[in-house]
Amino acid sequence: MKQHVARALIVAISLVAACSDYSKTPSYPSPTTTTGRDTTTTTGPQYSRQGTPRRVGFGFNGTASGFPTGAVFLTGGGSYDPATASNVVDDETTDVKSGGGFRCADGVEQGPLSTCAKDEGVQWDTAQLLESAPFKCTAADPLKNAVTGADRVVLKADFYRAGDGIEESFTAQMIVSETDLAPNIPGNQTLWVQGVGCAEATVNFN
């Protein structure tokens, strides 16, 4: 009888210890899309209790435009480690996994996506996580700079048309941001595609 009581006490103590285990990475609520006009990063990097940087997840959809010709619809998302972002050309050590759907909603005649005709495009994926990139939402827009962080990701991406199979049709930079990229333009510009422009996209980071 005493052995049965002792075993029961050990099980109970083990359950209490498991419930109070703080070694696991805490969970945080997912932020919603920002509606303000603040262009600064308000969310710092999140860390586990061991001090290890947390991987950032994101999702989005929107149609970018603003340059003389073209509009590009993008949707998708993924995850990345901000600490690995690099502007070294073709750096294969950056840690990012992201992709999604791509379509030229209107023909593009300038920039890296030039010759993408209306309704062409199937998908995109990521070639590199960039540390930063200069960008403009329109041809007349002042040049700005975006930096990868906990609420903004700068990517070098490959874009594919159906007729080109597994070979990328275009390679261009893109930015997805939880905060407004261009406060000088009406609305919240949270998506940018190189040579095409910006979009007031639906964006979520966590």
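Select residues 152–160 to start. This is strand β7, and it is mostly covered. Eight of its nine residues are buried. The model you are looking at is predicted.

**Stop 1: one side of β7**

Keep β7 selected and add residues 123–130, which form strand β4. The two strands pair in the antiparallel sense. Seven bridges link β4 and β7. For one of these positions, pick Gln128 and look across to β7. The bridge partner of Gln128 there is Lys156.

**Stop 2: a second partner**

Now add residues 170–177. This is strand β8, and it also pairs with β7. How many bridges do β7 and β8 share? They share eight, again in the antiparallel sense. Click on Asp158, then find Thr171 in β8; the two stand opposite each other. With β4 and β8 both on screen, you have two strands that pair with β7.

While the strands are in view, follow the side chains along one of them. In a regular strand the side chains alternate between the two faces of the sheet.

**Stop 3: the loop before β4**

Go back along the chain from β4 to β3, residues 96–106. Select the loop between β3 and β4. Thr115 sits in this loop, and so does Asp119.

Look at the backbone here. Most residues other than glycine have a negative phi. Thr115 has a positive one, near 85 degrees. Asp119 is not a glycine either, yet its phi is positive, at about 75 degrees.

Are these two residues buried or exposed? Switch on the surface and check each in turn. Thr115 is exposed, with a relative accessible area of 56%. Asp119 counts as exposed too, at 51% relative accessibility. The cut-off for exposed is over 50%, so both values pass it.

**Stop 4: the whole protein**

Clear the selection and show the cartoon. What does the secondary structure come to? Count one helix and eleven strands. Trace the chain along its sequence: the helix comes at the start of the pattern, and the strands follow it.

Next, colour by burial. Of the 206 residues in the protein, 39% are buried. Then show the surface of the protein again. About 10800 Å² is exposed, and carbon and sulfur atoms supply 55% of that area.

Finish with contacts. Take those between residues at least 6 apart in sequence. Of these, 61% join residues at least 24 apart.

Methods
Residues are numbered from 1 along each chain as its sequence is written. This is a predicted model: local features need pLDDT of at least 70, side-chain atom pairs count only at pLDDT 80 or more; totals for chains, interfaces and linings use all residues. Side-chain values use heavy atoms; hydrogens and water are left out. Buried means under 20% relative accessible area, exposed over 50%, partly exposed in between (1.4 Å probe, protein chains only). Helices (H or I, at least four residues) and strands (E, at least two) are DSSP runs, numbered from the N terminus. Two strands pair if DSSP finds at least two bridges between them. Contact means heavy atoms within 4.5 Å. Accessible areas come from the Shrake-Rupley method with a 1.4 Å probe; for residues, only the protein chains shown count as cover.
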